[in-house]
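Hello,

Here is the structure I promised to pass on to you. Please have a look at it first, and then read on for what I found.

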Protein chains: 2
Amino acid sequence: MIRLLLADDQALVRGALSALLSLESDLEVVAEVGSGDAVLDAVRQHCPDVVLMDVEMPGLDGISGTQQVRAAFPGTRVLIVTTFGRPGFLRRAMQAGASGFVVKDTPAAQLADAVRRVHEGLRVVDPALATDSLVAGESPLTPRETEVLRAARDGSSVAGIASRLFLSEGTVRNHLSAAIGKTHAANRAEAVLTAESNGWL
Amino acid sequence: MIRLLLADDQALVRGALSALLSLESDLEVVAEVGSGDAVLDAVRQHCPDVVLMDVEMPGLDGISGTQQVRAAFPGTRVLIVTTFGRPGFLRRAMQAGASGFVVKDTPAAQLADAVRRVHEGLRVVDPALATDSLVAGESPLTPRETEVLRAARDGSSVAGIASRLFLSEGTVRNHLSAAIGKTHAANRAEAVLTAESNGWL
DNA sequence: TCGGCGACCTGACAAATGTCACGGGGGCTT
DNA sequence: AAGCCCCCGTGACATTTGTCAGGTCGCCGA
(Lines give C-alpha, C1' and ligand atoms only; values in the text may rest on other atoms or scores of the structure.)
Protein backbone atom coordinates (compact mmCIF):
# COMPACT_ATOMS: atom_id res chain seq x y z
CA MET A 1 0.00 0.00 0.00
CA ILE A 2 1.46 3.35 -1.06
CA ARG A 3 0.46 6.13 1.31
CA LEU A 4 -0.25 9.49 -0.41
CA LEU A 5 -0.50 13.12 0.66
CA LEU A 6 -2.25 15.57 -1.67
CA ALA A 7 -1.30 19.26 -1.65
CA ASP A 8 -3.35 21.48 -3.97
CA ASP A 9 -5.12 24.74 -3.28
CA GLN A 10 -8.21 23.91 -5.33
CA ALA A 11 -10.42 21.80 -3.12
CA LEU A 12 -12.36 20.40 -6.04
CA VAL A 13 -9.25 19.18 -7.83
CA ARG A 14 -7.89 17.82 -4.58
CA GLY A 15 -11.01 15.82 -3.90
CA ALA A 16 -11.22 14.65 -7.47
CA LEU A 17 -7.62 13.45 -7.51
CA SER A 18 -8.27 11.69 -4.25
CA ALA A 19 -11.22 9.89 -5.78
CA LEU A 20 -9.22 9.00 -8.87
CA LEU A 21 -6.24 7.59 -6.98
CA SER A 22 -8.37 5.76 -4.43
CA LEU A 23 -9.70 3.66 -7.28
CA GLU A 24 -6.29 1.97 -7.45
CA SER A 25 -6.06 -0.89 -5.03
CA ASP A 26 -2.45 -0.26 -4.08
CA LEU A 27 -2.84 3.47 -3.40
CA GLU A 28 -4.23 5.15 -0.33
CA VAL A 29 -4.74 8.88 0.22
CA VAL A 30 -3.98 9.46 3.88
CA ALA A 31 -4.26 13.26 3.99
CA GLU A 32 -5.05 16.38 1.96
CA VAL A 33 -3.87 19.94 2.50
CA GLY A 34 -4.79 23.16 0.72
CA SER A 35 -1.75 25.34 1.35
CA GLY A 36 2.00 25.03 1.21
CA ASP A 37 2.43 25.92 4.86
CA ALA A 38 0.43 22.90 5.97
CA VAL A 39 2.46 20.36 4.02
CA LEU A 40 5.28 19.81 6.49
CA ASP A 41 2.96 19.30 9.46
CA ALA A 42 0.87 16.86 7.49
CA VAL A 43 3.93 14.86 6.47
CA ARG A 44 5.09 14.75 10.08
CA GLN A 45 1.70 13.55 11.20
CA HIS A 46 0.81 11.03 8.51
CA CYS A 47 4.19 9.83 7.22
CA PRO A 48 3.15 9.43 3.57
CA ASP A 49 5.35 7.61 1.07
CA VAL A 50 4.67 10.08 -1.73
CA VAL A 51 3.51 13.70 -1.72
CA LEU A 52 1.57 15.01 -4.73
CA MET A 53 2.37 18.70 -4.76
CA ASP A 54 0.98 21.56 -6.80
CA VAL A 55 3.40 24.37 -7.65
CA GLU A 56 1.07 27.34 -7.40
CA MET A 57 -0.37 27.49 -3.90
CA PRO A 58 -1.12 30.15 -1.32
CA GLY A 59 1.44 30.51 1.42
CA LEU A 60 4.54 28.48 0.73
CA ASP A 61 4.85 27.54 -2.94
CA GLY A 62 5.38 23.99 -4.11
CA ILE A 63 9.09 24.33 -4.79
CA SER A 64 9.90 25.57 -1.29
CA GLY A 65 7.53 22.99 0.14
CA THR A 66 9.43 20.27 -1.68
CA GLN A 67 12.72 21.52 -0.24
CA GLN A 68 11.34 21.48 3.29
CA VAL A 69 9.88 18.02 2.97
CA ARG A 70 13.06 16.56 1.48
CA ALA A 71 15.21 18.19 4.14
CA ALA A 72 13.12 16.95 7.04
CA PHE A 73 12.04 13.57 5.64
CA PRO A 74 14.55 12.31 3.06
CA GLY A 75 12.61 9.08 2.66
CA THR A 76 9.48 10.85 1.43
CA ARG A 77 9.25 11.26 -2.34
CA VAL A 78 7.66 14.30 -3.93
CA LEU A 79 5.78 14.25 -7.23
CA ILE A 80 5.00 17.69 -8.62
CA VAL A 81 1.64 18.01 -10.36
CA THR A 82 1.11 21.38 -11.96
CA THR A 83 -1.00 23.28 -14.44
CA PHE A 84 1.78 25.11 -16.21
CA GLY A 85 4.65 23.43 -17.94
CA ARG A 86 7.11 26.20 -17.28
CA PRO A 87 10.62 24.94 -18.10
CA GLY A 88 12.11 26.80 -15.14
CA PHE A 89 9.65 25.16 -12.77
CA LEU A 90 10.85 21.74 -13.79
CA ARG A 91 14.47 22.65 -13.26
CA ARG A 92 13.89 24.24 -9.88
CA ALA A 93 11.62 21.43 -8.74
CA MET A 94 14.23 18.81 -9.52
CA GLN A 95 16.93 20.86 -7.82
CA ALA A 96 14.65 21.13 -4.80
CA GLY A 97 14.58 17.36 -4.62
CA ALA A 98 11.39 16.38 -6.43
CA SER A 99 11.29 12.90 -7.88
CA GLY A 100 8.81 13.59 -10.62
CA PHE A 101 7.07 16.31 -12.58
CA VAL A 102 3.68 15.81 -14.23
CA VAL A 103 1.61 18.38 -16.09
CA LYS A 104 -2.11 18.45 -15.49
CA ASP A 105 -3.02 17.67 -19.08
CA THR A 106 -1.45 14.26 -19.10
CA PRO A 107 -4.01 11.44 -19.28
CA ALA A 108 -5.50 10.46 -15.94
CA ALA A 109 -4.49 6.85 -16.36
CA GLN A 110 -0.81 7.75 -16.25
CA LEU A 111 -0.94 9.43 -12.88
CA ALA A 112 -1.15 6.23 -10.86
CA ASP A 113 1.78 4.81 -12.80
CA ALA A 114 3.78 7.95 -12.13
CA VAL A 115 3.07 7.61 -8.43
CA ARG A 116 4.21 3.98 -8.44
CA ARG A 117 7.42 4.75 -10.29
CA VAL A 118 8.24 7.59 -7.97
CA HIS A 119 7.61 5.33 -5.02
CA GLU A 120 10.08 2.83 -6.45
CA GLY A 121 12.71 5.53 -6.50
CA LEU A 122 12.55 6.27 -10.22
CA ARG A 123 12.30 9.73 -11.71
CA VAL A 124 9.24 10.67 -13.76
CA VAL A 125 9.46 13.61 -16.14
CA ASP A 126 7.33 14.64 -19.09
CA PRO A 127 9.69 14.13 -22.05
CA ALA A 128 8.43 17.10 -24.04
CA LEU A 129 8.84 19.35 -21.05
CA ALA A 130 12.35 18.06 -20.41
CA THR A 131 13.50 19.08 -23.87
CA ASP A 132 11.86 22.48 -23.44
CA SER A 133 13.77 22.88 -20.25
CA LEU A 134 17.02 22.14 -22.02
CA VAL A 135 16.23 24.59 -24.80
CA ALA A 136 15.16 27.41 -22.52
CA GLY A 137 18.07 26.78 -20.20
CA GLU A 138 18.68 28.36 -16.87
CA SER A 139 17.53 31.88 -16.18
CA PRO A 140 19.97 34.39 -17.65
CA LEU A 141 18.78 37.02 -15.21
CA THR A 142 20.86 38.10 -12.24
CA PRO A 143 19.11 38.02 -8.83
CA ARG A 144 18.59 41.74 -8.86
CA GLU A 145 17.20 41.77 -12.38
CA THR A 146 14.81 39.01 -11.43
CA GLU A 147 13.68 40.99 -8.42
CA VAL A 148 13.14 44.17 -10.39
CA LEU A 149 11.28 42.36 -13.16
CA ARG A 150 9.11 40.62 -10.61
CA ALA A 151 8.28 43.99 -9.09
CA ALA A 152 7.29 45.21 -12.54
CA ARG A 153 4.69 42.48 -12.98
CA ASP A 154 1.82 44.51 -11.56
CA GLY A 155 2.38 47.37 -13.97
CA SER A 156 4.16 49.68 -11.57
CA SER A 157 6.11 52.64 -12.87
CA VAL A 158 9.86 52.90 -12.53
CA ALA A 159 9.39 55.29 -9.62
CA GLY A 160 7.13 52.83 -7.83
CA ILE A 161 9.55 49.96 -8.26
CA ALA A 162 12.45 52.13 -7.16
CA SER A 163 10.77 53.20 -3.93
CA ARG A 164 9.61 49.68 -3.15
CA LEU A 165 13.11 48.26 -3.62
CA PHE A 166 14.96 51.28 -2.19
CA LEU A 167 16.82 51.88 -5.40
CA SER A 168 17.51 54.83 -7.63
CA GLU A 169 15.25 55.21 -10.62
CA GLY A 170 18.23 55.03 -12.90
CA THR A 171 19.28 51.71 -11.41
CA VAL A 172 15.83 50.29 -11.90
CA ARG A 173 15.86 51.44 -15.49
CA ASN A 174 19.23 49.82 -16.04
CA HIS A 175 18.15 46.52 -14.53
CA LEU A 176 14.98 46.58 -16.60
CA SER A 177 16.92 47.38 -19.73
CA ALA A 178 19.24 44.45 -19.06
CA ALA A 179 16.31 42.13 -18.46
CA ILE A 180 14.65 43.31 -21.66
CA GLY A 181 17.84 42.62 -23.57
CA LYS A 182 18.34 39.17 -22.09
CA THR A 183 14.78 38.10 -22.80
CA HIS A 184 15.01 39.43 -26.37
CA ALA A 185 11.94 41.55 -25.63
CA ALA A 186 11.09 45.00 -26.92
CA ASN A 187 9.31 45.98 -23.77
CA ARG A 188 9.09 45.72 -20.07
CA ALA A 189 5.74 44.00 -20.49
CA GLU A 190 7.07 41.55 -23.05
CA ALA A 191 10.05 40.80 -20.84
CA VAL A 192 7.71 40.00 -17.97
CA LEU A 193 5.68 37.68 -20.16
CA THR A 194 8.56 35.67 -21.57
CA ALA A 195 10.34 35.47 -18.23
CA GLU A 196 7.13 34.29 -16.63
CA SER A 197 6.44 31.70 -19.31
CA ASN A 198 9.93 30.30 -18.79
CA GLY A 199 9.49 30.12 -15.06
CA TRP A 200 12.25 32.63 -14.39
CA LEU A 201 10.26 34.66 -11.91
CA MET B 1 -29.62 8.46 -13.40
CA ILE B 2 -28.24 11.86 -14.35
CA ARG B 3 -26.13 11.70 -17.49
CA LEU B 4 -23.04 13.97 -17.48
CA LEU B 5 -20.65 15.38 -20.07
CA LEU B 6 -17.29 16.74 -18.89
CA ALA B 7 -15.54 19.49 -20.83
CA ASP B 8 -12.12 20.50 -19.50
CA ASP B 9 -8.82 20.87 -21.26
CA GLN B 10 -6.73 19.33 -18.51
CA ALA B 11 -6.98 15.58 -18.94
CA LEU B 12 -5.93 14.89 -15.40
CA VAL B 13 -8.62 17.10 -13.91
CA ARG B 14 -11.16 15.68 -16.32
CA GLY B 15 -10.40 12.12 -15.32
CA ALA B 16 -10.30 13.00 -11.66
CA LEU B 17 -13.68 14.72 -11.80
CA SER B 18 -15.04 11.74 -13.63
CA ALA B 19 -13.82 9.45 -10.86
CA LEU B 20 -15.23 11.73 -8.18
CA LEU B 21 -18.68 11.99 -9.74
CA SER B 22 -18.89 8.33 -10.63
CA LEU B 23 -18.77 7.57 -6.92
CA GLU B 24 -22.30 8.95 -6.67
CA SER B 25 -24.85 6.31 -7.42
CA ASP B 26 -27.22 8.64 -9.27
CA LEU B 27 -24.60 10.20 -11.54
CA GLU B 28 -23.07 8.80 -14.70
CA VAL B 29 -20.35 10.34 -16.83
CA VAL B 30 -21.25 9.44 -20.40
CA ALA B 31 -18.52 11.39 -22.24
CA GLU B 32 -15.48 13.62 -21.83
CA VAL B 33 -14.05 16.21 -24.21
CA GLY B 34 -10.91 18.30 -24.02
CA SER B 35 -11.76 21.26 -26.21
CA GLY B 36 -14.63 23.66 -26.68
CA ASP B 37 -15.09 22.73 -30.32
CA ALA B 38 -15.89 19.13 -29.45
CA VAL B 39 -18.64 19.95 -26.97
CA LEU B 40 -21.52 20.33 -29.39
CA ASP B 41 -20.81 17.09 -31.23
CA ALA B 42 -20.52 15.22 -27.97
CA VAL B 43 -23.84 16.59 -26.75
CA ARG B 44 -25.49 15.59 -30.02
CA GLN B 45 -24.09 12.11 -29.76
CA HIS B 46 -24.58 11.33 -26.06
CA CYS B 47 -27.54 13.50 -25.06
CA PRO B 48 -26.33 14.31 -21.54
CA ASP B 49 -28.61 15.91 -18.95
CA VAL B 50 -25.92 18.20 -17.61
CA VAL B 51 -22.67 19.52 -19.10
CA LEU B 52 -19.80 20.40 -16.76
CA MET B 53 -17.92 23.07 -18.64
CA ASP B 54 -14.59 24.76 -17.97
CA VAL B 55 -14.29 28.40 -19.05
CA GLU B 56 -10.69 28.45 -20.23
CA MET B 57 -10.29 25.92 -23.00
CA PRO B 58 -8.47 25.73 -26.32
CA GLY B 59 -10.64 26.35 -29.35
CA LEU B 60 -14.07 27.55 -28.44
CA ASP B 61 -14.19 28.96 -24.90
CA GLY B 62 -16.69 27.80 -22.31
CA ILE B 63 -18.99 30.79 -22.64
CA SER B 64 -19.47 30.40 -26.37
CA GLY B 65 -19.75 26.67 -25.90
CA THR B 66 -22.57 27.23 -23.43
CA GLN B 67 -24.38 29.45 -25.91
CA GLN B 68 -24.14 26.84 -28.65
CA VAL B 69 -25.34 24.02 -26.44
CA ARG B 70 -28.27 26.00 -25.10
CA ALA B 71 -29.27 27.11 -28.57
CA ALA B 72 -29.20 23.64 -30.07
CA PHE B 73 -30.39 21.63 -27.04
CA PRO B 74 -32.50 23.80 -24.71
CA GLY B 75 -33.17 20.82 -22.46
CA THR B 76 -29.51 20.35 -21.64
CA ARG B 77 -28.30 22.23 -18.55
CA VAL B 78 -24.81 23.68 -18.31
CA LEU B 79 -22.82 23.96 -15.09
CA ILE B 80 -19.70 26.08 -15.37
CA VAL B 81 -16.72 24.84 -13.36
CA THR B 82 -13.79 27.19 -13.49
CA THR B 83 -10.51 28.06 -11.82
CA PHE B 84 -10.93 31.79 -11.74
CA GLY B 85 -13.76 33.58 -10.02
CA ARG B 86 -13.80 36.49 -12.40
CA PRO B 87 -16.98 38.49 -11.83
CA GLY B 88 -17.40 39.13 -15.53
CA PHE B 89 -17.23 35.42 -16.30
CA LEU B 90 -20.17 34.75 -14.03
CA ARG B 91 -22.25 37.44 -15.66
CA ARG B 92 -21.47 36.36 -19.17
CA ALA B 93 -21.94 32.70 -18.36
CA MET B 94 -25.41 33.30 -16.97
CA GLN B 95 -26.32 35.47 -19.96
CA ALA B 96 -25.12 32.67 -22.21
CA GLY B 97 -27.61 30.37 -20.55
CA ALA B 98 -25.61 28.54 -17.90
CA SER B 99 -27.58 27.13 -14.98
CA GLY B 100 -24.76 27.21 -12.46
CA PHE B 101 -21.31 28.53 -11.73
CA VAL B 102 -18.89 26.75 -9.40
CA VAL B 103 -15.31 27.75 -8.62
CA LYS B 104 -12.70 25.02 -8.42
CA ASP B 105 -11.84 25.68 -4.80
CA THR B 106 -15.26 24.77 -3.46
CA PRO B 107 -15.27 21.53 -1.46
CA ALA B 108 -15.50 18.40 -3.56
CA ALA B 109 -18.56 17.17 -1.69
CA GLN B 110 -20.64 20.09 -2.95
CA LEU B 111 -20.09 19.38 -6.61
CA ALA B 112 -22.46 16.44 -6.80
CA ASP B 113 -25.14 18.49 -5.04
CA ALA B 114 -24.62 21.30 -7.50
CA VAL B 115 -25.08 18.88 -10.37
CA ARG B 116 -28.32 17.56 -8.86
CA ARG B 117 -29.72 21.03 -8.28
CA VAL B 118 -28.88 22.10 -11.79
CA HIS B 119 -30.54 18.98 -13.11
CA GLU B 120 -33.69 19.85 -11.17
CA GLY B 121 -33.77 23.20 -12.94
CA LEU B 122 -32.42 25.27 -10.08
CA ARG B 123 -29.64 27.81 -10.40
CA VAL B 124 -26.41 27.27 -8.48
CA VAL B 125 -24.13 30.24 -7.88
CA ASP B 126 -21.33 30.83 -5.42
CA PRO B 127 -22.78 33.55 -3.11
CA ALA B 128 -19.48 35.34 -2.54
CA LEU B 129 -18.89 35.48 -6.27
CA ALA B 130 -22.38 36.78 -6.91
CA THR B 131 -21.81 39.80 -4.68
CA ASP B 132 -18.44 40.43 -6.32
CA SER B 133 -20.19 40.40 -9.64
CA LEU B 134 -22.66 43.00 -8.44
CA VAL B 135 -19.88 45.19 -7.05
CA ALA B 136 -17.67 45.00 -10.12
CA GLY B 137 -20.63 45.53 -12.39
CA GLU B 138 -20.71 45.21 -16.12
CA SER B 139 -17.68 46.10 -18.15
CA PRO B 140 -17.46 49.87 -18.64
CA LEU B 141 -15.37 49.37 -21.75
CA THR B 142 -16.79 49.87 -25.21
CA PRO B 143 -16.28 47.01 -27.69
CA ARG B 144 -13.44 48.80 -29.38
CA GLU B 145 -11.70 49.64 -26.13
CA THR B 146 -11.96 46.02 -25.10
CA GLU B 147 -10.48 44.92 -28.37
CA VAL B 148 -7.57 47.32 -28.16
CA LEU B 149 -6.85 46.43 -24.55
CA ARG B 150 -6.96 42.76 -25.41
CA ALA B 151 -4.47 43.37 -28.19
CA ALA B 152 -2.22 45.11 -25.67
CA ARG B 153 -2.06 42.07 -23.42
CA ASP B 154 1.06 40.62 -25.00
CA GLY B 155 3.04 43.80 -24.50
CA SER B 156 2.78 45.07 -28.05
CA SER B 157 3.62 48.67 -28.83
CA VAL B 158 1.02 51.15 -30.02
CA ALA B 159 2.31 50.75 -33.56
CA GLY B 160 1.94 46.99 -33.38
CA ILE B 161 -1.61 47.18 -32.09
CA ALA B 162 -2.51 49.78 -34.70
CA SER B 163 -1.25 47.68 -37.60
CA ARG B 164 -2.92 44.54 -36.28
CA LEU B 165 -6.27 46.30 -35.92
CA PHE B 166 -5.93 48.51 -39.02
CA LEU B 167 -6.19 51.68 -36.98
CA SER B 168 -4.27 54.90 -36.70
CA GLU B 169 -1.75 55.08 -33.88
CA GLY B 170 -3.53 58.08 -32.47
CA THR B 171 -6.80 56.18 -32.31
CA VAL B 172 -5.16 53.32 -30.49
CA ARG B 173 -3.69 55.76 -28.02
CA ASN B 174 -7.07 57.33 -27.47
CA HIS B 175 -8.77 54.01 -26.86
CA LEU B 176 -6.01 52.96 -24.50
CA SER B 177 -6.23 56.24 -22.65
CA ALA B 178 -9.98 55.78 -22.26
CA ALA B 179 -9.51 52.22 -20.99
CA ILE B 180 -6.87 53.37 -18.53
CA GLY B 181 -9.23 56.03 -17.23
CA LYS B 182 -12.19 53.67 -16.89
CA THR B 183 -10.17 51.06 -15.03
CA HIS B 184 -8.71 53.72 -12.72
CA ALA B 185 -5.27 52.54 -13.74
CA ALA B 186 -2.09 54.56 -14.19
CA ASN B 187 -0.84 52.40 -16.95
CA ARG B 188 -1.64 50.28 -19.91
CA ALA B 189 -0.24 47.29 -18.00
CA GLU B 190 -2.30 48.04 -14.91
CA ALA B 191 -5.39 48.50 -17.03
CA VAL B 192 -4.85 45.09 -18.60
CA LEU B 193 -4.47 43.50 -15.17
CA THR B 194 -7.59 44.96 -13.59
CA ALA B 195 -9.68 44.40 -16.69
CA GLU B 196 -8.50 40.81 -16.80
CA SER B 197 -9.19 40.18 -13.13
CA ASN B 198 -12.73 41.46 -13.61
CA GLY B 199 -13.28 39.25 -16.60
CA TRP B 200 -13.75 42.17 -18.94
CA LEU B 201 -11.47 40.80 -21.65
C1' DT C 1 47.49 41.16 -7.30
C1' DC C 2 44.86 41.64 -11.13
C1' DG C 3 40.77 41.05 -14.06
C1' DG C 4 36.00 40.13 -14.36
C1' DC C 5 31.41 40.56 -12.83
C1' DG C 6 27.47 42.23 -10.52
C1' DA C 7 25.25 45.92 -7.91
C1' DC C 8 24.64 50.75 -7.69
C1' DC C 9 24.64 55.39 -9.15
C1' DT C 10 24.67 59.64 -12.47
C1' DG C 11 23.55 62.20 -16.60
C1' DA C 12 21.89 62.64 -21.08
C1' DC C 13 19.36 61.40 -25.09
C1' DA C 14 15.77 59.50 -28.48
C1' DA C 15 11.65 57.07 -28.55
C1' DA C 16 7.35 55.60 -26.77
C1' DT C 17 3.45 56.60 -23.99
C1' DG C 18 -0.51 59.02 -22.00
C1' DT C 19 -3.39 63.15 -22.19
C1' DC C 20 -5.97 66.77 -24.14
C1' DA C 21 -8.58 69.48 -27.41
C1' DC C 22 -10.51 69.24 -31.56
C1' DG C 23 -12.64 67.57 -35.49
C1' DG C 24 -16.10 64.39 -38.84
C1' DG C 25 -19.20 60.53 -39.46
C1' DG C 26 -22.75 57.13 -38.25
C1' DG C 27 -26.30 55.06 -35.55
C1' DC C 28 -29.48 55.31 -31.83
C1' DT C 29 -33.30 57.24 -29.12
C1' DT C 30 -36.45 60.99 -27.88
C1' DA D 1 -34.67 67.15 -35.97
C1' DA D 2 -31.83 67.21 -31.97
C1' DG D 3 -29.07 64.97 -28.73
C1' DC D 4 -26.22 61.32 -27.43
C1' DC D 5 -22.74 57.88 -27.82
C1' DC D 6 -19.37 55.39 -30.21
C1' DC D 7 -15.88 55.17 -33.75
C1' DC D 8 -12.02 57.21 -36.20
C1' DG D 9 -8.80 60.52 -36.97
C1' DT D 10 -5.34 64.80 -36.22
C1' DG D 11 -2.01 67.54 -33.78
C1' DA D 12 0.37 69.01 -29.83
C1' DC D 13 2.15 68.38 -25.35
C1' DA D 14 4.37 66.59 -20.92
C1' DT D 15 5.81 62.48 -18.99
C1' DT D 16 7.67 58.01 -18.97
C1' DT D 17 10.50 54.66 -20.81
C1' DG D 18 14.54 52.45 -22.83
C1' DT D 19 19.38 53.04 -24.03
C1' DC D 20 24.02 54.37 -23.68
C1' DA D 21 28.36 55.93 -21.68
C1' DG D 22 30.43 56.70 -17.95
C1' DG D 23 32.08 55.82 -12.81
C1' DT D 24 32.50 53.56 -7.77
C1' DC D 25 32.48 49.62 -4.85
C1' DG D 26 32.90 44.84 -3.23
C1' DC D 27 33.52 40.00 -4.17
C1' DC D 28 35.72 36.02 -6.13
C1' DG D 29 38.80 33.14 -8.82
C1' DA D 30 43.14 32.96 -11.41
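A word on how the copies were compared: they were superposed by least squares on the C-alpha atoms of residues with pLDDT of at least 70 in both. Please keep in mind that this is a predicted model.

**The two copies**

With that superposition, a turn of 180° and a shift of 0.0 Å along the axis lay chain A on chain B with an RMSD of 0.1 Å. That is the relation of a two-fold axis. The same surface serves both copies, as 100% of the contact residues of chain A recur in chain B. Which residue of chain A comes closest to the rotation axis? That is A:A16, with its C-alpha at 2.3 Å.

**The interface**

Chain A gives 29 residues to the contact, and chain B gives 29 residues. Between them the two chains bury about 2,000 Å², and 71% of that is on carbon and sulfur atoms. How many salt bridges does the rule find across the interface of chain A and chain B? The count there is 0, while a search of the whole structure finds 24 over all chains.

**A salt bridge in chain A**

One pair to look at is A:E145 with A:K182, whose side chains meet in a salt bridge at 3.0 Å, N to O. The pair links distant parts of the chain, 37 residues apart: A:E145 is in helix α7 (residues 143-151) of chain A, and A:K182 is in helix α9 (residues 169-182) of chain A.

**Helix packing in chain B**

Now to chain B, where two helix pairs share α9(B). Helix α7 (residues 143-151) of chain B and α9(B) have axes that come within 9 Å and cross at roughly 95°, which makes α7(B) roughly perpendicular to α9(B). On the α7(B) side the residues are B:R144, B:E145, B:V148 and B:L149, and they meet B:V172, B:H175, B:L176, B:A178, B:A179 and B:K182 in α9(B). By class, this contact has 6 nonpolar, 1 polar and 3 charged residues.

The second pair is helix α8 (residues 158-165) of chain B with helix α9 (residues 169-182) of chain B, with axes that come within 9 Å and cross at roughly 105°. That makes α8(B) roughly perpendicular to α9(B). Here B:V158, B:A159, B:I161 and B:A162 of α8(B) make the contact with B:E169, B:V172, B:R173 and B:L176 of α9(B). These residues divide into 6 nonpolar, no polar and 2 charged.

Best wishes

Technical notes:
Residues are numbered from 1 along each chain as its sequence is written. Chains are lettered from A and ligands numbered from 1 in the order in which they are written. This is a predicted model: local features need pLDDT of at least 70, side-chain atom pairs count only at pLDDT 80 or more; totals for chains, interfaces and linings use all residues. Side-chain values use heavy atoms; hydrogens and water are left out. Contact means heavy atoms within 4.5 Å. Axes are lines fitted to C-alpha atoms, for helices over the stretch in contact, and angles run from 0 to 180 degrees between N-to-C directions. Helices (H or I, at least four residues) and strands (E, at least two) are DSSP runs, numbered from the N terminus. Angles under 35 degrees count as roughly parallel, over 145 as roughly antiparallel, 65 to 115 as roughly perpendicular and the rest as oblique. Ala, Val, Leu, Ile, Met, Phe, Trp, Tyr, Cys and Pro count as nonpolar, Asp, Glu, Lys and Arg as charged, and the others, Gly among them, as polar. Buried area is the accessible area (1.4 Å probe) that two parts lose on being put together, summed over both. A salt bridge is a side-chain nitrogen of Lys or Arg within 4 Å of a carboxyl oxygen of Asp or Glu.
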